[in-house]
Every structure is written in C-alpha cells, then in structure tokens.
Amino acid sequence: MIEVKDLHKAFGAVKAVDGVSFKARDGEITGLLGPNGAGKTTTLRMLYTLMKPDRGQVLVDGIDAADDALAVRRQLGVLPDARGLYKRLTARENVDYFARLHGLPDDVIDRRREALVKALEMEDIADRRTEGFSQGQRVKTAIARALIHDPRNVILDEPTNGLDVMATRALRQFMQHLKSEGRCVLFSSHIMQEVAALCDRIVVIANGRVVADESPQALREQTGAANLEDAFVKIIGTEEGLAA
C-alpha cells in the first residue's frame, strides 16, 4: 500500500503540491487525475523518491521514504513519464541490467524475465536493440524492467500515452492482471474511458490539492454527471472557480 500524508513541494513562489494526502490500496487500481500543472507529476516523483518533499510523509508498505528511500524503491515498480531505455541494449539486456542493480541472482533473473516477456507478449522484440522501437515496444520493455524485482506496488505515469489501440488494450489487461495478484497499482492518465474502465478509486488533484477521492460511481453521483469525463470537468471547474 502507498500512503501519502500532507505532501508539500514548492519551486520558488510556486506551490506545486500543497498538502496532498491519499491512500492507494493493495488489490486495487487507483487513478491519479488532474489538469496539466495540477501537481500530479511532482507528486509521483516524490512517491518514487526522485524528489524530496518540503513537508509531509510518503509510506510504502509502512516504510517511510524519508527514513529509508532505498527500501522504498525496492517495494516499488515505476514506469516514469520518461521511459529512458538504453538504446544499444536489447529489450532483454535492458531488463537484465536493472535486475542486477537490484541484486537478483541469475537464475531468478532468467525466470522472472521470461515470465514478463510472455505476459507482455514481447517474444518478437526481446532480442532486438531498443533503438528504433515503437512507443508500444518501449513501454512494454520499460514495464518489464520496472517489474523484474517483483514489487508489490506499481506506479505508472501515463502508461498508454502514444500507444495504438491493440497495445493499449494489452496494457489495460496487464494492469488488471497486476490487480488480480493483489498488487497496489497507481497510475495517472488523461483518458477518461481508461480511468472509468480500470479504476477502483480516483484521486483528483487541482491547484496542488486533492479535491476528490472517491470511486468512479461516487464521483458521478456526487456531481450528477452522466459519465466520468463530465464529473471530472465539474470538479475541476468548481475548484478553479473557488481558486479565482
């Protein structure tokens, strides 16, 4: 489980994150939504210890990131907004490299890597250099790399951005598979259809603050909206009106 308590982060006079608190639970998919500039990416970067908060607390499976950032990283599998593959390495070599950084023995690496190659349908690209990969192939490789150490908590930042229909469908199915294994899945997206289909709970951030934290159905009922996109627009519109 990922638990965020009263996170704050400012860049000069700009408050990017202003008291964000929420929980992403095991066996659920939690969506993190918000308009551009709302503080989502900054929040995610603090969750996976790329940034330190000015104030507040990040707990991953009860481990405080401020006390033991390395232990938190071991509990997390992260697909960041920048995929960052090593272009001269094959897909398998990219995955193996990160597995060794985690200190995994060769027999464990072989078993887990091949299981991920199969689960992500990467057999046709596994031994190709990643230079020249399509967006979907890069995302698959980056996800395999993020999961090689078998983390119980998975953070996906815009995972389907730029993917075609078939690749998006396959990735959604894989996210459901992670949930069925009892993992905590936290992902950000701008695609409301995707959020409605996948999420058990939705956290909406606007102006650096959490303005909603409910199930998709509860958000629709509270706003009187027919669909999640209309509910999101109403929530954000109300928040921006209050901030003006």
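Helices (H or I, at least four residues) are DSSP runs, numbered from the N terminus, and the expected span of a helix is 1.5 Å times one less than its number of residues. This is a predicted model, in which local features need pLDDT of at least 70 and side-chain atom pairs count only at pLDDT 80 or more, while totals for chains, interfaces and linings use all residues. Residues are numbered from 1 along each chain as its sequence is written, and side-chain values use heavy atoms, with hydrogens and water left out.

**Exercise 1.** Find how many residues helix H4 has and what it reaches from its first C-alpha to its last.

Solution.
- H4 runs over residues 106-119 and has 14 residues.
- Its reach from first to last C-alpha is 20 Å, close to the 20 Å expected at 1.5 Å a residue.

**Exercise 2.** Sort residues of H4 into buried (under 20% relative accessible area, 1.4 Å probe, protein chains only) and exposed (over 50%), and locate each group.

Solution.
- Val108, Ile109, Arg113, Leu116 and Val117 are buried.
- These residues lie on the same side of H4 because they cover an arc of only 155 degrees around the axis, taken from the directions from the helix axis to the C-beta atoms.
- An α-helix has 3.6 residues a turn, so residues three or four places apart point the same way.
- On the face turned away from the buried side are the exposed residues Asp107, Arg111 and Lys118.

**Exercise 3.** Name the helices against which the buried residues of H4 pack, and state what follows H4.

Solution.
- With contact meaning heavy atoms within 4.5 Å, the partners are H3 (91-101), H5 (135-147) and H6 (165-180).
- After H4 comes Glu121, with a positive phi near 55 degrees.

Technical notes: Helices (H or I, at least four residues) and strands (E, at least two) are DSSP runs, numbered from the N terminus.
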